[in-house]
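Got the viewer open and a selection tool ready? Let's take a walk through this one, stop by stop.

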Amino acid sequence: MLRELIDALRTKCAPGARALGLAYEAAAIAARHRRVGKSWAPHIAASHQVILRGAARCRKHERVLVIGAGACFDVPVAELAAQFSEVILADVAVSAVARRWQRRLPGRVRAIAWDATGVLASLAEGRRTLTANAAVELFAGSDPGVPPGGDADLVVSANCLSQLGLIPADQLVAAEADDELPARCAIAAARRHIAWLAARPGVRVLISDVTRLDIAPDGRELARRTIFKGLELRAPDQSWRWDLAPIPEWSREWHRVHEVSAWIDEPA
Ligand SMILES: C[S@@+](CC[C@H](N)C(=O)[O-])C[C@H]1O[C@@H](n2cnc3c(N)ncnc32)[C@H](O)[C@@H]1O
């Protein structure tokens, strides 16, 4: 807890996004990796592999943009830096790890604070006053504009889709009386992010958790929840399981496992 608070303070983050809990959330993810990172190894390997599959489909290798780079667990930074002239590690909360990559490979890797929704500052300003509908509308109309560094030959959305609306909406006063508000904001933000990605001129790799599972110690599936109800996505190019929180991380009775999918799209 203390370590997470210190790490959150060391995370570079705009004040609005910090007020919405994003710096703390990024530190909490890194802390979970310290505790149960061994269980994440297959997920991390699959993410690296699919990102490099996307890289292999690029005609030019000038710039790669990674959105939601975080602490770069699932990002093969060294391999991307060997292939592309410029690697942009973008996240609303810039980790010490991303800044270390920037120092290690100056001019080749840049760690940039960037809000992929474009609405977190307005959301933070209206944290106490926004109605539930206004919050959903804000995400539904969101557009972050041209990405940092300009358009890229490869854009990777690295496991951040399910977080874009969920985490900040949870901090809204309107969410106190409306348990479903974060989920509605999550869908609205995800829909916009997917449309924004589709408009990029380069190769796109989208990696996202899509289902949350509770798995008993004997392997029985106790619960299954679809994260993006009503979001029409084509069949993924690759899917795998992420042992996110093995017993006893979140529960003594079940492991939390996420199903993760990946899509690789090329310009028309
Ligand atoms: C599940 S983590 C994945 C982290 C990262 N890919 C890694 O391997 O460490 C989701 C990441 O999305 C980032 N994120 C959440 N909302 C964002 C936003 N609006 N704009 C950019 N990044 C965001 C978080 O800060 C976090 O680092």
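Before the first stop, a word on terms: a cavity here is a set of grid points where a 1.4 Å probe fits but cannot get out. Keep in mind that you're looking at a predicted model.

**Stop 1: the enclosed space**

How many cavities of 30 Å³ or more does a search of the whole structure find? The search turns up 1. Its space comes to about 50 Å³. To see the walls of this largest cavity, select A116, T117, S142, P144, L164, A189, R192, H193 and W196. Colour that lining by class and you'll get 5 nonpolar residues, 3 polar and 1 charged.

**Stop 2: the ligand**

Keep A116 selected, since that residue of the cavity lining is also among those that come nearest to the ligand. The others to add are G68, D74, D91 and D115, out of 22 residues around the ligand. Show the whole shell and you'll count 14 nonpolar, 5 polar and 3 charged residues.

Now switch on the backbone atoms and look at some polar contacts:

- G68 puts a polar backbone atom 2.8 Å from a nitrogen of the ligand.
- F73 has a polar backbone atom 3.0 Å from a ligand oxygen.
- W114 offers a polar backbone atom 3.5 Å from a ligand nitrogen.

How much of the ligand's surface does the protein bury? On its own the ligand would expose 590 Å², and the protein buries 96% of that.

**Stop 3: the loop between β2 and α4**

Stay with F73, but turn to its ring this time. The whole structure has 3 aromatic pairs. One of them joins F73 to W40, edge-to-face, at 6.2 Å centre to centre with 85° between the planes. This pair links distant parts of the chain: W40 belongs to helix α3 (residues 22-56), while F73 sits in the loop between β2 (63-67) and α4 (77-83), and 33 residues separate the two.

C72 is in that loop between β2 and α4 too. Check the backbone of C72: phi is positive, about 60°, although the residue is not a glycine. Most residues other than glycine have a negative phi.

**Stop 4: the second largest pocket**

Next, select I194, L197, A198, R204, V205, L206, L233, R234, W263 and D265, which line the second largest pocket. Which elements give two or more residues to that lining? They are α9 (181-198), β7 (203-215) and β10 (255-265). The space in this pocket is about 160 Å³. By class, its lining has 7 nonpolar and 3 charged residues, with no polar ones.

**Stop 5: a cis peptide**

For the last stop, go to the loop between β9 (238-245) and β10, where you'll find P248. Is the peptide bond from I247 to P248 cis or trans? The bond is cis, with omega near 10°. Most peptide bonds are trans.

Key: Residues are numbered from 1 along each chain as its sequence is written. This is a predicted model: local features need pLDDT of at least 70, side-chain atom pairs count only at pLDDT 80 or more; totals for chains, interfaces and linings use all residues. Side-chain values use heavy atoms; hydrogens and water are left out. On a 1 Å grid over the protein atoms alone, a cavity is a set of points where a 1.4 Å probe fits but cannot get out, and a pocket is an open set with protein on both sides within 12 Å along at least five of seven lines; lining residues have an atom within 4 Å of a point. Grid points are joined across faces, edges and corners, and a volume is the space filled by probe spheres set on the points. Ala, Val, Leu, Ile, Met, Phe, Trp, Tyr, Cys and Pro count as nonpolar, Asp, Glu, Lys and Arg as charged, and the others, Gly among them, as polar. A residue is near a molecule or strand if one of its heavy atoms lies within 4 Å of it. A polar contact is a pair of N or O atoms within 3.5 Å; within protein, one must be able to donate a hydrogen and the other to accept it, and residues adjacent in sequence count only if both atoms are side-chain atoms. Accessible areas come from the Shrake-Rupley method with a 1.4 Å probe; for residues, only the protein chains shown count as cover. Helices (H or I, at least four residues) and strands (E, at least two) are DSSP runs, numbered from the N terminus. Rings of Phe, Tyr and Trp (its six-membered ring) pair if their centres lie within 6.5 Å; planes under 30 degrees apart count as stacked, over 60 as edge-to-face and the rest as tilted.
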